[in-house]
Amino acid sequence: MRHITAFFFFMTTLVGPVWSQQHGHEDHAVDSTVTKVEAPKVFLDKSPRIVAYQLKRLDNQRLLMVQRKTDDAKYIPVYDSILSRIGMSPQFRQEALKALVTLQKSNPVTVLMNAIGKLDAEDREENRTAKQLAVMLLGLNQAPLKEHSNILWEAIKVDDDLSPSIAAAALLMSNQSETDLGKLTGGQSGQLAFLKAITLIPDAKQRSPFRQRVLGLLDRSGNQQIKNAAITAIGSLTNNQAESFVLLGPLITDDSLRASTVRSMLKIPIKERDSETSMQVTRFLVDLAEKTPAAERTSPTFVDAMQLADQLMAIIPSDQARIFRQRLSAVTVRVVRIKTVEEEMRYDIPYFVVEAGKSVQIVLENHDLMPHNLVITVPEALKEVAQLGLQVGPNNGWNGMPYVPESDKVLHATQMVPSDQQITLTFDAPTEPGEYPYVCTFPQHWYRMYGVMVVVNDLDAWLKNPVEPANPIGSNRSFVQAWKVDELKDDLDSGMRDRSPEIGKRLFAEASCAGCHKVQGEGGVIGPELTDVFTRWKGDRVGVLREVLDPSHKVDAKYVMQRILTADGRTVTGVLLAEDDDKVTLLSNPEAKEPTVIAQDDIEAMVPSSVSMMPKALMDQYTKDELFEVMAYLESVAPASKP
Amino acid sequence: MKITSFVVAFMFATGLISSAANSAEIQLKKGDHICLVGNALCERMQHHNYWESVLQQRYPELELRVRNLGFPGDEPYERIRSENFGEPDKHLAHSQASVVMYFFGFNESFDGDKGLAKFTRDIKKLVEETKAKDYGKGTPQVILVSPIAFENTGDRNLPDGTEHNARLAKYTKALANAAEEAGAGFADVFTPTKELFRASKKRLTLNGAHLNDEGYAAFAPILDTALFGKGGPTSVDPAVKAAVEDKSFHWWHRYRSVNGFSIYGSRGKAGSDGTYNNTDVMERERAILDQMTANRDARIWSLASGETAPATIDDSNTLPFINPKTNVGGPDDPNAKRGKLGSLDYLTAEEQQKLFELHDGFQIQLVASEEQFPELANPVALNFDNKGRLWVATMASYPHWKPKTKMDDKILIFEDHDQDGDADECKVFAGGLHQPTGFELGNGGAYIAEQPDILFLKDTDGDDVADVKVRKLFGFDTADSHHGISAFEWGPGGNLYFEEGTFKYSQVESPYGLTRLSEAGIWRYHPKSEKFGVFVNFAFANPWGHVFDRWGQNFIGDASPGNSYWAAPLSGRIDHPLKHPGGSQHRRIAKVTGGDPNYKFPTFYPKRTRPLAGCAIVSSQHFPPEMQGNFLVTNCIGNRTILNHEVREDGSGFVGKEVAPIVSCKDGNFRPVDLQIAPDGSLYIVDWHNALIGHLQHNLREPNRDHSHGRIWRVTHKTRPLIAPAKIDGEPIADLLELLKVREDRTRYRAKRELADRATDEVLPALTAWTAKLDASDKNHEHQLLESLWLHQTHNVVNRELLEALLAAKDHRARAAATRVLSFWLEDVPNHKQLLEKCIADPHPRVRLEGVRAVSFLSGDEAIELALGVLESDIDDYTQFTLDETMRRLEQ
């Protein structure tokens, strides 16, 4: 099975659920031509309470219109607000960080830890914002982290849910001595911070060195909270996962540790799962399922556990698996959980296997910031269904489901699931074996967001001899690497030499870039034209690369995705084309045939998003060479670009 | 027919319009249906039926049907209505309009030059759109009628109209041009009414802007000539006018039905008896009214053509009524289960009296009941006049007058000749009313709610029977009869406050411009200056309680949820369509009105049981000292009780705590709905006395709704002496001023009400002298000064010296009250910014809050800066709310 490493990349977020994201790449300052907003008057010379109150009343757009300079301490509250504001683009956070360092004659570690300290871990949006500031902190060089480690050590002692773990993560990244690490994990609060810090470290490789210390804490601690944190940390360690699996197996019997244990075991690749442990865990989980009252069988913990049992049955001997499966089917429906991956526009599993005619329940969990659905089609009908879905649009779908066509090619479908919500789809699998695609029919998502439901007559027989299904859109690409700017920038100049624009142009289309962006007159309009992207960046290749790999870093105001909540409860999103007193005209998606027009009277709220609509990881199925080809192509079309 | 010689010549002479402006022809055909659409000028023509009489007399052979679709405050494209009232086209189609006369321009004119372009655009668009319609009789003919001029009444309290008329002339010209360009007929009534007002010795308007009855009589030939040229009738035939009035009455009650939300709105689906719901039953009644209206058209034609008509009208051709079954009783009656239902076996007052339980030391007696006074059916509100007599409003027809019956709800006066508390005589001050949900005395008469109007009725010959009836204020919504205007209360500074419930969308015109209010609030009206507006814009359910304390702080009770609020934070300015957040209906409408849908504005004590149909503050030496200042609440569902709460100051505001009730009754039909401390210091309670209580819970025509019972009760202390009632009616001004030193709130209230009626040029000198002589060493000195300030406000006379003295008073309650007065005088106090700056930096949080509240009536960055100053001090939740809402207003 193809496995895609799960990793978290903390991103700019929005208030509330978001339908879609949009990006722009232009090197412009915030462009306010789209929504006319007057610059607010903020009395910066008045007392801090007044300034804070006024700034708090401003939305992000207006906040960015407040005058700010780095030559007067009165601007500190403005930068403070920008740095820790929910939904602010990273470019402005970076600007604010730099300004605060100057104005406060401080250093980035102090400034960031101060900002993090003011955020409320209990509030979902503030928590996300803190994680974004953590990314900025952990992205600093080792040197400043080390130099200001006293700040971090102080933050470890703070009594809240965010600061200690983030500070601990920064300490771990700053190459502290073993003695200092020992000091860190000397007490319970330090131990907890350390364990939570492990999951905050962005790069799995950097987590690995702390494995023994994590295992030690799991072994030694008598504290449930610490044990659970250790189990979660183990789930994020990618070295020696076979050992992790064996270690976690027995913990599943402990009621207070089971939830985290199941989640961590699910993260361990199947090939690393030992069959003996799998057997014991499966036996326990099947017993557990039979003992669990019906009312509790829909809890997330139970669904997780059944997902794990289901996966493990592919590992244990098939005659045993058959018995377990029969026992399970007596008490619970076969559950397949599919999660969307935040900002990557894909489902977390590429395929699953079900037995013909048997009941199956799909739980679709949407962890992305935009809505997604899941539509199961007859074999080889993915593309056709996606295109029919586009034709029916958001309002005329089958049973009122947006973008779901009424068609005999469609077997089952869900509603659009908003961000951070889930939906359950229960049905009997087709009686005819085959490879049935599933796809998100939101416009343009089908390029990346799909998988296959493999229907077989005998699941155990299949498991003995698994055959990976063919890619349902005919792509033969698979995950290569989660590309990061820092890993590529040093090779950029040499890598872009002697590339062929024709290849780059073909890849530009294949990677679906052309669906949204025009180059030399061809392509979509929902994103900015890229013909002159290198010109706008004054030939800065790293800048352009960041736009490709990290689309939300900077979003041009003209291409900000507007999210409109209508009075009757619908949500419509798109790029704003025009707005007057009566109506708002939006382009909702790259393939929309005509703009959506909404009467102002019907609009309850219009919220601009600071997150790009462009998915991240668009290039993660492409090699480094291919990425350079695309870059070179863009450079070649730019008027008066750098040679 | 053309707009012919007289008017055209007149307009040329005045140079107001060019000849091109009136080229469209107005040509009436036989069988035309003329619909009048537009603002109050138009709407009120159906209450002063001169013009239609002239029209019918001029063209009896054309058999014209006139339907008035006017609404005060209507503009071409902004006409707010309650839920599902129906678009203008629906009503034009219902009446099969073939001629549409539009009356616009008055309200719009307050926007002056900057509003002209939009107005012109809108009017042209409206004419073009109307001409493209067919309402059942082909392409309609469209006529634009200009606004009338503003009358200079000579009253120093009112605008003289110079600025108004300059604006109105421009808007008239814009209408003329639009008519020319879009192809509509045009009637200039501005020019001739300006001349009319100049030449008339009699006052022809209520307030400068709106015609009175004589004004409409003079207006009829002017409009007739402007439309059809000279040659119209020279007088109005009283028989024709009476017939037109009768037709208009039936049409009025059809088009402006008082329970819209329970007929075509959401609650139309309620009240089902298994077969018929409210919509079924009440739309049938509207259909019957349509038929009765049509029957009266025919009668008008015969009378107008000089024929005789039978005295009675044969309405036997109408549809039958639909009579729903009862939903009362039976084993599963949900209202019985929830304790809402009383008993259909009504007790006598004597039997009922045995079932009262009283607070220690108190007793209760019957003042009046339906047994002795059959007029006392469904009493809903009470007041005491300046002679000390009890007045009661009754609504026997509640919830809705039924067509073909006599409309006869009443205002009663009870006299107690021997002063023993039992009423001896009942006088009918006014009958023929419909749903008088509230009333207040003043100006020598009574202001009476009769949605969509507030009437002013007056007895001029001393027989205690009203002989003058004026529709004084208009444009209130009719969506629900029981959410109608109620809880009238004079503020200490002479404003009349009254309240309106949810589902309502009102537009009220005044000489100062239009005010819109949707979904409940409290209105304010100053009868001298005619200044009108919203006092509290907040999503109540139905705010039936409102009372001021000794220092002018007020409290509002919201009936349905039983919530009691301190008013100051809620009473800053915020304009339609926004509202202050946190009322019981806020969540439903927050998407329009703004604010966090989940926010709940705090009540000043935790509510234990709902509802709250009326409230009062104990201020009577007949009551024991420990009860002074207590907040009393009538509870007519949860407990059939007068709830009792102690109140104390807390931070900027107040907190209450429930203590033992004053009185409760085991008779489930005891429905206390209003209460007031009487001139002798006892407590009077209105008992609606009905087994059924809900408006929503039963069909509007539920057969068991009671239309005959009603009782008034009086609670006295067993041992404490009564107060000798103060002499007020007709007393000398100097004596009345002395009454402002009295401890009882209601005595001062009535004395001020009497002083408000006296001539300003007599009151002011006396007041100045009285104020100068006040004893500065009296511990009540600052309160007496405050009463003086309030009386200045009552007489619409600004006194900056006194204001500033009180803004610097020692007692924070005086400073807070003076700050409230300043909020009404901002335009007349040039240094208001400096004064407010001090208020906002005051050591007491209530003064700071009142200061921030006052800033909501200003605008601009300076105002923002002023309000933000409050953050220099500690702020509590009420102040934070007031600041947030003031900021929202300044950002609106």
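Chain B is split into four domains: domain 1 (5–233), domain 2 (237–325), domain 3 (334–717) and domain 4 (733–891); the bounds come from an automatic or database domain assignment. This is a predicted model, in which local features need pLDDT of at least 70, side-chain atom pairs count only at pLDDT 80 or more, and totals for chains, interfaces and linings use all residues. Residues are numbered from 1 along each chain as its sequence is written, while chains are lettered from A and ligands numbered from 1 in the order in which they are written.

**Confidence**

The predictor gives the complex an ipTM of 0.88 and a pTM of 0.80. For chain B the average pLDDT (the predictor's confidence in each residue, from 0 to 100) is 95, and 97% of the residues score at least 70. Watch the start of that chain, though: over residues 1–24 of chain B pLDDT stays under 50, and the model has 51 contacts beyond four places in sequence for them. Where pLDDT is low, the predicted coordinates should not be read in detail. A contact here means that the C-beta atoms of two residues, placed from the backbone, lie within 7 Å.

**Domains 1 and 2 of chain B**

Taken over C-alpha atoms, the centres of domain 1 of chain B and domain 2 of chain B are 26 Å apart. Their contact takes 18 residues from domain 1 of chain B and 19 residues from domain 2 of chain B. On the domain 1 side, helix H3 (50–58) and strand E2 (65–68) of chain B are the elements that give two or more residues, and H3(B) has the largest share with 5 residues. Helices (H or I, at least four residues) and strands (E, at least two) are DSSP runs, numbered from the N terminus.

**How the touching sides are made up**

Ala, Val, Leu, Ile, Met, Phe, Trp, Tyr, Cys and Pro count as nonpolar, Asp, Glu, Lys and Arg as charged, and the others, Gly among them, as polar.

| Side | Nonpolar | Polar | Charged |
|---|---|---|---|
| Domain 1 of chain B, touching domain 2 of chain B | 4 residues | 8 residues | 6 residues |
| Chain A, touching chain B | 4 residues | 2 residues | 5 residues |
| Domain 1 of chain A, touching domain 3 of chain A | 2 residues | 5 residues | no residues |

Between the chains, the contact takes 11 residues from chain A and 7 residues from chain B. Helix H1 (residues 48–57) of chain A brings the largest share of the chain A side, 5 residues.

**Strands of chain B**

Strands count as paired if DSSP finds at least two bridges between them. One open sheet of 5 strands in chain B runs in the order E2-E1-E3-E4-E5, with parallel pairing. E2 and strand E5 (185–187) of chain B sit at the edges with a single partner strand each, so one side of each is left without a neighbour in the sheet. Ignoring direction, neighbouring strands of this sheet are turned by 20° against each other on average. Inside the sheet, strand E1 (residues 33–38) of chain B and strand E3 (residues 99–103) of chain B pair in the parallel sense over 5 bridges, and Cys35(B) stands opposite Val100(B) in E3(B). Helix H5 (residues 112–131) of chain B lies across E3 and strand E4 (141–145) of chain B, at about 155° to E4(B). Angles run from 0 to 180 degrees between N-to-C directions, and axes are lines fitted to C-alpha atoms, for helices over the stretch in contact.

Further along, strand E27 (residues 641–650) of chain B and E28(B) pair in the antiparallel sense over 9 bridges; Glu646(B) has Lys657(B) in E28(B) as its bridge partner. Their hairpin has 2 residues between the strands, and Gly651(B) takes a positive phi near 60° there. Strand E28 (residues 653–665) of chain B also pairs with strand E6 (residues 356–358) of chain B, in the antiparallel sense over 3 bridges. In that pairing Glu357(B) stands opposite Ser664(B).

**Over in chain A**

Chain A is divided into domain 1 (48–248), domain 2 (349–458) and domain 3 (485–637). The centres of domain 1 of chain A and domain 3 of chain A are separated by 30 Å, and their contact takes 7 residues from domain 1 of chain A and 6 residues from domain 3 of chain A.
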